[in-house]
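Reader: Hello! I am new to this structure and would love a close look at one part of it, the hairpin and the charged residues around it. Could you walk me through it?

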Amino acid sequence: MISDDSTVDLSFRTVEAIARTTAALVRSYDVIGVIGQMLAAESRALDADAAGVTMRRPGSRVLELLAATSHRAEELELYQAQQLQGPCYDAVEFGVRVTCTDLAEIRARWPQAAPAFERAGIGCVHATPLRWHGHVIGALNLFWVSEPPASIRLDSAASAFADLATLAIVHSGSITGEEVVDRTRSALDSRTVIEQAKGVLAASQGMTMETAYLALVDMAEDEGMPLSAVATSIVENAVKQ
């Protein structure tokens, strides 16, 4: 069977996004930077309007946002974490893939989380657990205004990106459970300084938070430095002034 042009294009973009992410994993990298780049590439590949990764804080049921492609995605992830309800929360809590294709289903299943989806204009979501040796450490979440293209094999593509995100966080097949906890905590802590740097840039340059994040990514790429290192430098310079 000959695939149509849209299917071929989506397949090519998916393979290209996976290739770029795996290439980053064999070099020295910082988790937030790689996850952020992966989410952007994944969104383009799967025609998603937004994407994010939520992590479970080690030793608790608390969920925290690790990275997102936009402020809209950040708000959706954070709202679900606060309400302890929503597709992304269920993916982590119950370790299952969750897919919703319209707002009516979201309202019926998660009434407390539904207002956030309505405000964001998101009508479709797909959440995939991040698993490491049988343990769920977080979830990879994709958002669309309407349904994704029918040509996308969503489960398999999202699972591949979820596995890459997990590898980016833990990075080795031989580390102990305690080291996984340490690396998860370190990744979440790195996001704090990135959020602070976004705030500094937004305030000093008159940017939105979303534009500030993109500026941070560009600076990290231009300087060949980890995203967290660039963010730390910006925050430290702001404190000195």
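Author: Happily! One definition will help us first: a residue is called buried when its relative accessible area is under 20%, exposed when that area is over 50%, and partly exposed in between. Ala 168 shows how to use it: with a relative accessibility of 1%, Ala 168 counts as buried. Ala 168 sits in helix H7, which covers residues 154–170. Its C-alpha is 8.6 Å from that of Asp 30, although the two are 138 residues apart in sequence.

Please keep in mind that this is a predicted model. The chain has ten helices and five strands, and 49% of its 241 residues are buried. Among contacts with a separation of 6 or more, 61% are between residues 24 or more positions apart.

Now to the hairpin you asked about. Strand E1 (residues 50–56) and strand E2 run antiparallel and are joined by five bridges. In one of these pairings, Thr 54 has Leu 65 of E2 as its bridge partner. Six residues lie between the two strands of the hairpin, and in that turn Gly 59 has a positive phi of about 85°. Strand E2 (residues 63–68) is mostly covered, with five of its six residues buried.

Let us look at the charges here. Glu 64 and Arg 57 form a salt bridge, with their closest N and O atoms 2.7 Å apart. Glu 64 counts as partly exposed because its relative accessibility is 24%. Arg 57, in contrast, is buried, with a relative accessible area of 18%.

Arg 56 has a salt bridge too: its side chain meets that of Glu 93 at 3.7 Å, N to O. This pair links distant parts of the chain, since Glu 93 belongs to helix H4 and Arg 56 to strand E1, 37 residues apart. Glu 93 is partly exposed, with a relative accessible area of 25%.

Helix H4 (residues 87–94) also holds Asp 90. Asp 90 is buried but has no salt bridge; Arg 109, the nearest side chain of opposite charge, is 4.9 Å away. Why does that not count? A salt bridge needs a side-chain nitrogen of Lys or Arg within 4 Å of a carboxyl oxygen of Asp or Glu, so the 4.9 Å to Arg 109 is too far. Asp 90 does have a polar partner, however: a contact of 2.9 Å joins its side chain to that of Trp 110. Beyond its neighbours within four places in sequence, Asp 90 is in contact with Gly 95, Val 96, Val 98 and Trp 110.

A second buried acid brings us back to the hairpin. Glu 77 lies in helix H3, residues 71–83. Glu 77 is buried and has no salt bridge, and the nearest side chain of opposite charge, that of Arg 191, is 9.7 Å away. If residues up to four places away in sequence are set aside, Glu 77 touches Gly 52, Val 53, Thr 54, Leu 65, Cys 88, Asn 141 and Phe 143. Thr 54 and Leu 65, in that list, are the bridge partners we met above.

Another acid of helix H3 does find a charged partner. The side chains of Glu 74 and Lys 198 meet in a salt bridge at 2.7 Å, N to O. Glu 74 lies in helix H3 and Lys 198 in helix H8 (residues 177–205), so this pair ties together parts that are 124 residues apart in sequence. Both ends are covered: Glu 74 counts as buried at 10% relative accessibility, and Lys 198 is buried with a relative accessible area of 2%. Through salt bridges that share partners, Glu 74, Arg 191, Glu 195 and Lys 198 join into one network. Across the whole structure, a search finds eight salt bridges.

Finally, you might wonder about the cysteines. How many disulfides does the structure hold? It has zero. Take Cys 100: the closest cysteine sulfur, in Cys 124, is 7.9 Å from its own, which is too far for a bond. Cys 100 is buried, with a relative accessible area of 0%, and Cys 124 is buried as well, at 1%.

How values were computed. Residues numbered from 1 in each chain as written. Predicted model: local features only at pLDDT ≥ 70, side-chain atom pairs only at ≥ 80, totals over all residues. Heavy atoms only, no water. Helix = DSSP H or I, 4+ residues; strand = E, 2+ residues; numbered from the N terminus. Buried < 20%, exposed > 50% of the residue type's maximum accessible area, 1.4 Å probe, protein only. Lys, Arg positive; Asp, Glu negative; His and termini not counted. Polar contact = N/O pair within 3.5 Å; in protein donor to acceptor, adjacent residues only side chain to side chain. Contact = heavy atoms within 4.5 Å. Disulfide = S-S within 2.5 Å. Pairing = 2+ DSSP bridges.
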